[in-house]
Amino acid sequence: MGQVARAREPDVQGVVERDGVRLAYEVFGEGHHPTVLLMPTWSIVSSRFWKAQVGHLARWYRVVTFDGRGSGRSDRPAGAAAYTDGEYAADALAVLDATATDRAVLVSLSCGAAWSVHVAASAPDRMLGLFAIAPSCGLPVRTPGRDLQPWNARLDGHEGWASYNKHVWLDGDYDGFLQFFFGQMFSEPHSTKQVEDCVGWGREISPATLADTTAGRLGCDGAVCEPLEPLCRLVRCLVTVVHGTGDRVRSPEVGEMLAELTGGSLVLLDGAGHGPPARDPVRINHLISEFVDRVCPPTEQATWVRAARRRRRALYLSSPIGLGHAQRDTAIATELRLLQPDLEIDWLAQHPVTRVLADRGERIHPASAELANESGHMEHESGEHDLHAFQAIRRMDEILVNNFMVFADVVRDGDYDLVVGDEAWEVDYFLHENPELKRFAFAWMTDFVGWLPMPEGGAREAALTADLNAEMLEQRARFRRVRDRSVFVGNPEDVVEDCFGPGLPSIREWTEQNFDFSGYVTGFDPAALTGTARLRRGLGVGEGEALCLVTVGGSGVGGSLLHRVLDAVPLVRRRVPELRFVVVTGPRIDPRSLPRTPGVAVLGYVPDLYRHLAACDLAVVQGGLTTCMELTALGRPFVYVPLRRHFEQTFHVRKRLDRYGAGRCLDYAQAAEPDALAEVIAQEVTRSVAYRPVETDGAARAAALLADLL
């Protein structure tokens, strides 16, 4: 699998060699916090399996991970004898030595539990505690449906658990086994992303190496397997075992026996499968933190304020993907304060939203610095005017988990009366997955509903979007109390008429039944705008000249469109000599990265960009909703070029703009041809427009819906 943006980068990366085998490790966080060693699992996945834990744990503790022999960036020695439990345990001690770790809490999944027991039995002075999740270790407990055939016997068929067989792997159906095994590992519905991740990691290890790791663990092919039960009785540190009752890989009785033999406690996750760190990351993160704090109690002072003395407080979360959310959210917050003058508002936000908030004197919560960069992830995922938005959000999973954990810590300590999440996807999703964490009124805001597949994605993408939609519908049906208000920023007619997927309801019909509608929120009144003539003069636009404003929003994804427009400028000016251009790069594109072009002024970040839009005669923009709707409200002609494979801009935004009769949509392939783009700009600059009016009271209406919750 390709590299993806991570929620947190390691502070240290290194390699330690033990008996000729190189082991790759990473360290997150420093200082005197207790160290948490996230153990390898079976070599079928690398240490990246812990991606949903690292970001959260590293905020509070020092975290060490390493790729077990046979996986990731570590070596792959040949032969079963290289992969016994004892070898993995010795590797763990070598990593502790290499990272200057005297003692650690060992956290394990599956096979890692056996290796942790070996460490605890052989080096008890190095152990602070042992936290074992879904242990799959050499204890005499059978798993129904699995323990049917010897692992190394030749079988006639290879369906189901019969594919857990080295001859099946070596003879060519290894991929079929991966699909089956991880389908069993994640027995919970809607686990497509977790299965996809693990299958990808499984393809990074050869079938022969996986066969060696299995033989070593089972004591086959010359490997000597030391009985685990006597070692369990030697464990003296604090132990907690967590096991899902829906585990199809190893039955919960394994966890029960491990807890009993080690004198530990047992936590059962009703309905969970074999991969809770990936499928139920919030619950697992909290359980790990609680365990570490029991082993090494933190020194902290807490202050409790009686409810009657608490000030009225709200926490506002504004999506950082672009700047449009910040514009409308600050407008709504202003109206909300008019209705609730004593309300204190904290913002949990990240760049570029914080730039807007700081300019307007808003209070940014200090924990905002702990948020992983969502806008940066989108830029990492983008190509030349190309952003597969649906897949990019799916691949942002570890960032979303990290940011929800930051949010959960903030609201745990903040005594907020109201939380407003403007497309804070992680908060809405994980509150529905963990409804017990909701202790406040929660309002969810969005300007689109429904994940839609791009046609080129075929049947697979259609199935994935339908699955995600179905999960959302099920969450809402089961836990309606999680959202106290669902606000659609727009009107019912702005919602697409597609269905959520085969057998699922109409998106518009469902949205009308489940949302309140605020109308669109521009954040300004076009009739009250003044000074545009002065602004035009300040931009160097003289009498008899026209102004074309080019802007691509708050992310760095639109840089290629800016270059395409600049390539077309000389051709446009031959057709329309009086046309001048102003290019606004926004906060994440360096103006110096653009070539100097006669007749073009280049600006960086511009606060209140709508004032510049009001001053232009034509705009060329990306297909983002905010800028397009601002131009619609201002009655300005504009050309918009949706990002390729961006379902929201392609379907949801275009549907809304078509309803308003606004703008001219241009495919990027046409925009990439300078002469064709120049002709379109020349045509549109003289166009007369008559758009449907955009309401000016959207912010007040949205604020009224929120004020009811206070």
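In which sense do strand β3 and β4 pair, and over how many bridges? They pair in the parallel sense, over 4 bridges. Two strands count as paired here if DSSP finds at least two bridges between them, and the elements themselves are DSSP runs numbered from the N terminus, with helices being H or I of at least four residues and strands being E of at least two. Before going further, keep in mind that this is a predicted model: local features need pLDDT of at least 70, side-chain atom pairs count only at pLDDT 80 or more, and totals for chains, interfaces and linings use all residues. Residues are numbered from 1 along each chain as its sequence is written, and side-chain values use heavy atoms, with hydrogens and water left out.

Back to β4, then. Strand β3 covers residues 35-38, and its T35 sits opposite R62 in β4. Put helix α1 (residues 51-60) between the two strands and you have a right-handed β-α-β unit; right-handed means that, with the strands pointing away from the viewer, the path from the first strand over the helix to the second runs clockwise. β4 has another partner too: strand β2 (residues 21-28) runs antiparallel to β4, joined by 4 bridges, and Y25 stands opposite F66.

How well covered is β4 (residues 62-66)? Mostly covered, with 5 of its 5 residues buried, where buried means under 20% relative accessible area, exposed over 50%, and partly exposed in between, using a 1.4 Å probe and protein chains only. In a regular strand, side chains alternate between the two faces of the sheet. Here both faces are covered: R62, V64 and F66 are buried on one side, V63 and T65 on the other.

Next, the parallel sheets. One is an open sheet of 7 strands in the order β11-β10-β9-β12-β13-β14-β15. Its edge strands, β11 (363-364) and β15 (516-517), each pair on one side only. Strands β9 (residues 313-318) and β10 (residues 344-348) run parallel and are joined by 5 bridges, with L317 having L348 as its bridge partner in β10. Follow the chain out of β10 and you come to the loop before α13 (353-359), where P352 lies. The peptide bond from H351 to P352 is cis, with omega near 10°.

β9 and β13 turn up again around helix α17 (residues 425-433). That helix buries E426, V427, D428, F430, L431 and H432. Their cover includes β9 and β13 (441-446), along with α11 (281-295), α14, α16 (397-414) and α18 (458-478); the contacts behind this are heavy atoms within 4.5 Å.

The other open sheet has 6 strands, again with parallel pairing, in the order β18-β17-β16-β19-β20-β21. At the edges stand β18 (600-603) and β21 (664-665), each with a single partner strand, so one side of each is left without a neighbour in the sheet. Strand β16 (residues 546-551) pairs with β19 in the parallel sense over 4 bridges, and T551 stands opposite V621.

β19 also leads us to the empty space. A search of the whole structure finds 8 cavities of 30 Å³ or more, and the largest has a volume of about 840 Å³. A cavity is a set of points, on a 1 Å grid over the protein atoms alone, where a 1.4 Å probe fits but cannot get out, and lining residues have an atom within 4 Å of a point. Points are joined across faces, edges and corners, and the volume is the space filled by probe spheres set on them. Of the 49 lining residues of the largest cavity, I321, G322, L323, G324 and G554 are the closest to its centre. Elements that each supply at least two lining residues include α15 (389-394), β19 (618-622) and α24 (647-660), while α12 gives the most, with 5. The lining divides into 25 nonpolar, 17 polar and 7 charged residues; Ala, Val, Leu, Ile, Met, Phe, Trp, Tyr, Cys and Pro count as nonpolar, Asp, Glu, Lys and Arg as charged, and the others, Gly among them, as polar.

Finally, some loops. A100, in the loop between α2 (85-98) and β5 (104-109), has a positive phi of about 55° although it is not a glycine. H385, in the loop between α14 (374-381) and α15, has a positive phi too, near 50°. A100 is exposed, at 65% relative accessible area, whereas H385 is buried at 0%.

Note on methods: On a 1 Å grid over the protein atoms alone, a cavity is a set of points where a 1.4 Å probe fits but cannot get out, and a pocket is an open set with protein on both sides within 12 Å along at least five of seven lines; lining residues have an atom within 4 Å of a point.
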